[in-house]
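This report walks through one protein chain, from its overall make-up to a few chosen details. Please keep the sequence and the 3D view open while you read.

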Amino acid sequence: MSVYHKSNLYFHLEPIIQARDVERFIELIQNTKAIDLADAVEAFATEDVVALLEQLDAENLAYLFEEFEEEEKVRFVPHLSIAALKRLFEALPSDEQVSLFVMLSQVQRNSIIPSLDKGERDAILELSSYPEGTVGAMTSADYVNVSANATVSDVWQQIRREARNKDSLSMIYVTDEFRHLVGVLSFQDLLLRDDDVCMKDIMVSDIIQARASDKDTVAVELIERYDFDALPVTDNYGHLIGIVTVDDAMERLRESAADSFAKLGGNVPMSGPELDYQYSGFWRMLTVRGFWLIILTIFGVFTSSFVAKQEEILSEVIILAAFLAPIVDMGGNTGSQSATLVIRSMALGDIKLKWEDVWFIFKKEIPVALMLGVTVATVEVILAYFFKDGISIQVLMILALSMITVTFVGGLIGILLPFIAKRFNIDPATLSSPMLTSIMDFLGVVIYFSFAYWFLSDLLVQAAEQVG
């Protein structure tokens, strides 16, 4: 149990860091949740943190290192000695070993590789060859695979020798002499079998698996759909190379959600790493955010130019200007709601880019968007009637029909844009909320003044005749 609360952990840690007191640092590690301590450590200078990390044993070093954010690992790893890196490799699970190996310089790799045993070395080299964003890049080699001819007794002995952590024990994987995956068996099933029963007689041959070259979202979707603790991963030839655990899948989902929030906020760069307040420089923050704001400004100029051209009707019915903002805002708000729901369903694997799913979402959104439009239109008309003196029935009709139409159109565009993005291999999250809102602002203005000209055309004709 944690003795130190994360809110005051920084103040306990500061004198330890300054004095580089490794004994007190180890005591803090042993009495604190690793993730809280990792967050606090990240606030201090690199050289001070590395000086303490260098003095930790393998277990405490790995315990803390695993909880560092990716950016912090990249910050500390180049400064760690070969001896400290070797201790890390001894204690880290295989997927963390691969992540660490990718961060190393070529000099560090050449020094580390000879110290690894052959099986460990081969697994790290193979898994580190898969590019970021693939299943292979998030695969762990900490699993138990057995021969189809092995008995339950043989498997128990092998588990005692090879199982390095709890991830290894979620499932038992059965391979043939060429390491092709031929079956799986749960740990619970193994417990219920007699010692002399052979694996090939009790294994499940209908295997759900992922290819290492697949996108990492495939593994996340399969684990979520079938409620797996771990998913076997094979290469393109069917050889078993590792597993993806539910923890790894959830971590990937969390990272994906964080990226989506950045994109939905109009903060995603066209290339390179995501923006980060701590590590992104002034010019990168300025150029990335400025790019999106310029795009949005262009939409704004189109919208304001269109409004300016409606001077004739606004001068005759000035009350129309008072309701312009809430009506055009409603389209963007509704569209953002719909788009967010679709993007979330895509991320979870509930819907795909196929006509059946498009039609399913379309049918579900039509009545919802229509009723939302009617509801907010009713509220708008009631408020306008009681709080704006002398408002005409024509203006109330313009408000009602405009609100219904804008809300309905916003909902439909919101559900269609993610599918369009998917069709052209664009991340749907890049259809940011500001962008969608800007599009709907323009359409909202067009819809609003279209109804205004429709209902008030007689008034404009009379005004023209009087001028004439």
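Which side chain does the side chain of arginine 75 meet in a salt bridge? The partner is glutamate 72, and the N to O distance is 2.5 Å, where a salt bridge stands for a side-chain nitrogen of Lys or Arg within 4 Å of a carboxyl oxygen of Asp or Glu. Before going further, note that this is a predicted model, in which local features need pLDDT of at least 70 and side-chain atom pairs count only at pLDDT 80 or more, while totals for chains, interfaces and linings use all residues. Residues are numbered from 1 along each chain as its sequence is written, and side-chain values use heavy atoms, with hydrogens and water left out.

**The chain as a whole**

The chain has 22 helices and 6 strands; these are DSSP runs numbered from the N terminus, with at least four residues of type H or I for a helix and at least two of type E for a strand. Of its 468 residues, 42% count as buried, a word that here means under 20% relative accessible area, whereas exposed means over 50% and partly exposed lies in between (1.4 Å probe, protein chains only). The accessible surface comes to about 25100 Å², and 58% of this belongs to carbon and sulfur atoms; such areas come from the Shrake-Rupley method with a 1.4 Å probe, and for residues only the protein chains shown count as cover. Among the contacts (heavy atoms within 4.5 Å) with a separation of 6 or more, 69% join residues 24 or more positions apart.

**Salt bridges**

By the rule given above, the count comes to 4 salt bridges, and the table lists three pairs from among them.

| Pair | Closest N to O distance |
|---|---|
| Arginine 20 and aspartate 48 | 2.8 Å |
| Arginine 75 and glutamate 72 | 2.5 Å |
| Lysine 73 and glutamate 96 | 3.1 Å |

Arginine 75 and glutamate 72 both lie in helix H6 (residues 70–76), 3 residues apart, which is about one turn of the helix, and both of them are buried. In general, an α-helix has 3.6 residues a turn, so residues three or four places apart point the same way. Lysine 73 and glutamate 96 are also both buried, but this pair links distant parts of the chain, since lysine 73 belongs to helix H6 and glutamate 96 to helix H8 (residues 94–103), 23 residues apart.

**Helix H1 and the loop after it**

In helix H1 (residues 9–19), Leu9, Leu13, Ile16 and Ile17 are buried. Seen down the axis of H1, these buried residues fall within an arc of 100°, so they line one face of the helix; the arc is that of the directions from the helix axis to the C-beta atoms. They pack against helix H2 (22–30), helix H3 (34–41) and helix H4 (46–53), while the face turned away from the buried side carries the exposed residues Phe11, Gln18 and Ala19. After H1 comes arginine 20, whose phi is positive, near 55°. Arginine 20 is partly exposed, with a relative accessible area of 38%, and its salt-bridge partner aspartate 48 is partly exposed as well, at 22%.

**A sheet of three strands**

An open sheet of 3 strands has the order S4-S5-S6, with mixed pairing, where two strands pair if DSSP finds at least two bridges between them. Strand S4 (210–211) and strand S6 (240–245) stand at the edges with a single partner strand each, so one side of each is left without a neighbour in the sheet. S4 pairs with strand S5 (residues 230–234) in the parallel sense over 2 bridges, whereas S5 and S6 pair in the antiparallel sense over 5 bridges. S5 and S6 also form a hairpin with 5 residues between them, and glycine 238 in the turn has a positive phi of about 85°. Strand S6 is mostly covered, as 6 of its 6 residues are buried.

**Helix H14**

In helix H14 (residues 216–226), the buried residues are Asp216, Ala219, Val220, Leu222 and Ile223. Aspartate 216 has a relative accessible area of 6%, and, not counting residues up to four places away in sequence, aspartate 216 touches Gly133, Thr134, Val135, Met138 and Arg252.
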